[in-house]
2 protein chains.
Amino acid sequence: MHATVTVELKPSVLDPQGKAIEHSLSSLGFAGVEDVRVGKLFRISLAESGQTRENVETQLRQMCERLLANTVIEKFSYTLEE
Amino acid sequence: MHATVTVELKPSVLDPQGKAIEHSLSSLGFAGVEDVRVGKLFRISLAESGQTRENVETQLRQMCERLLANTVIEKFSYTLEE
């Protein structure tokens with residue numbers, strides 16, 4: 001199974017890295033860039049263990065909460081493919 | 001318009017950060033994690049400038065090639081929503 005997890009700053013949290021990229025894009029001559037936000041992406045390959053999809057999703061949520069995301073300032077989402 | 005750009009290491013390039021996360025997940029007791037690869041995600045808001053979708057896509061590709069991705073070791077993809 002292949003999971004894709006995205007972790008992004010919550011909308012209320014400032015993103016200086018995104019702002020820097022936004023300014024760099026303007027400097028390079030790209031007009032019309034209104035906002036840039038940066039996030040992280042994790043591609044996780046999981047062994048086929050005969051677990052139900054629900055169990056795998058629970059496990060993924062725990063991975064996010066315990067390691068991949070700082071849930072105070074970040075939100076996460078995931079997709080799961082066979 | 002909202003663009004989502006993902007930048008990931010090419011499959012042939014080692015990903016030590018991903019390996020570290022893989023080991024951390026094992027240490028935390030998550031079994032069955034076979035591989036982790038880390039990438040970056042950019043959410044870009046673009047002003048409505050009356051450009052065709054093709055033009056906007058060309059601009060996005062240039063942004064990736066000139067700033068967001070190192071195309072020697074990274075690949076990029078994007079999706080574009082109205």
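The following exercises, each with a worked solution, concern a predicted model of two protein chains, A and B.

**Exercise 1. Symmetry of the two copies**

Determine which rotation and which shift superpose chain A on chain B, and state how the two copies are related.

Solution.
Step 1. In general, two copies of a chain are related by a rotation about an axis and a shift along it.
Step 2. Here the rotation is 180° and the shift along its axis is 0.0 Å, with an RMSD of 0.0 Å after superposition.
Step 3. The two copies are thus related as by a two-fold rotation axis.
Step 4. To place the axis, one may look for the residue of chain A that comes closest to it: this is A:Lys40, whose C-alpha lies at 2.4 Å.
Step 5. Of the interface residues of chain A, 100% are also interface residues in chain B, so the copies meet through the same surface.

**Exercise 2. The sheet**

State the order of the six strands in the sheet and identify the edge strands.

Solution.
Step 1. The order is E3(A)-E1(A)-E2(A)-E2(B)-E1(B)-E3(B); the sheet is open and its pairing is antiparallel.
Step 2. The edge strands are E3 (74-81) of chain A and E3 (74-81) of chain B, each of which pairs on one side only.
Step 3. From one strand to the next, the twist averages 20°.
Step 4. The pairings may now be followed from chain A into chain B. E2(A) and E2(B) pair in the antiparallel sense over 13 bridges; A:Arg43, for example, has B:Arg37 in E2(B) as its bridge partner.
Step 5. E1(B) pairs with E2(B) in the antiparallel sense over seven bridges, and B:Val5 stands opposite B:Phe42 in E2(B).
Step 6. Strand E1 of chain B (residues 2-9) also pairs with E3(B), again in the antiparallel sense, over eight bridges. In this pairing, the bridge partner of B:Leu9 in E3(B) is B:Glu74.

**Exercise 3. Helices against the sheet**

Establish which strands are touched by helix H2 of chain A, and across which strands helix H1 of chain B lies.

Solution.
Step 1. Helix H2 of chain A (residues 53-68) packs on the sheet and touches E1, E2 and E3 of chain A as well as E2 of chain B. Its direction makes about 150° with that of E3(A).
Step 2. Helix H1 of chain B (residues 16-27) lies across E2 of chain A and E2 of chain B, and runs at about 120° to E2(B).
Step 3. As for the strand E2(B) itself, 10 of its 14 residues are buried, and it is mostly covered.

**Exercise 4. A helix contact between the chains**

Describe how H2(A) and H1(B) are arranged, and name the residues through which they meet.

Solution.
Step 1. The axes of H2(A) and H1(B) come within 11 Å and cross at roughly 110°.
Step 2. An angle of 65 to 115 degrees counts as roughly perpendicular; H2(A) and H1(B) are therefore roughly perpendicular to each other.
Step 3. H2(A) contributes A:Met63, A:Leu67 and A:Leu68 to the contact, while H1(B) contributes B:Ile21, B:Ser24 and B:Leu25.
Step 4. By class, these residues divide into five nonpolar, one polar and no charged.
Step 5. For the other pair of helices, H1(A) and H2(B), the axes likewise come within 11 Å and cross at roughly 110°. In this contact A:Ile21, A:Ser24 and A:Leu25 meet B:Met63, B:Leu67 and B:Leu68.

**Exercise 5. Individual residues**

Decide whether B:Glu22, A:Met1 and B:Tyr78 are buried or partly exposed.

Solution.
Step 1. The cut-off needed is that a residue under 20% relative accessible area counts as buried.
Step 2. B:Glu22, in helix H1 of chain B, has 12% relative accessibility and therefore counts as buried. Beyond its neighbours within four places in sequence, B:Glu22 is in contact with B:Val33, B:Glu34, B:Asp35 and B:Val36.
Step 3. A:Met1, in the segment before E1 of chain A, has 11% relative accessibility and also counts as buried. Among the residues that A:Met1 touches are A:Ile44, A:Val56 and A:Leu80. A:Met1 and A:Ile44 are 43 residues apart along the chain, and their C-alpha atoms are separated by 8.3 Å.
Step 4. B:Tyr78, in strand E3 of chain B, has a relative accessible area of 21% and is partly exposed. Its contacts include B:Thr4 and B:Val5, together with B:Glu57, B:Leu60 and B:Arg61.

Methods: Residues are numbered from 1 along each chain as its sequence is written. Chains are lettered from A and ligands numbered from 1 in the order in which they are written. This is a predicted model: local features need pLDDT of at least 70, side-chain atom pairs count only at pLDDT 80 or more; totals for chains, interfaces and linings use all residues. Side-chain values use heavy atoms; hydrogens and water are left out. Copies are superposed by least squares on the C-alpha atoms of residues with pLDDT of at least 70 in both. Contact means heavy atoms within 4.5 Å. Two strands pair if DSSP finds at least two bridges between them. Helices (H or I, at least four residues) and strands (E, at least two) are DSSP runs, numbered from the N terminus. Axes are lines fitted to C-alpha atoms, for helices over the stretch in contact, and angles run from 0 to 180 degrees between N-to-C directions. Buried means under 20% relative accessible area, exposed over 50%, partly exposed in between (1.4 Å probe, protein chains only). Angles under 35 degrees count as roughly parallel, over 145 as roughly antiparallel, 65 to 115 as roughly perpendicular and the rest as oblique. Ala, Val, Leu, Ile, Met, Phe, Trp, Tyr, Cys and Pro count as nonpolar, Asp, Glu, Lys and Arg as charged, and the others, Gly among them, as polar.
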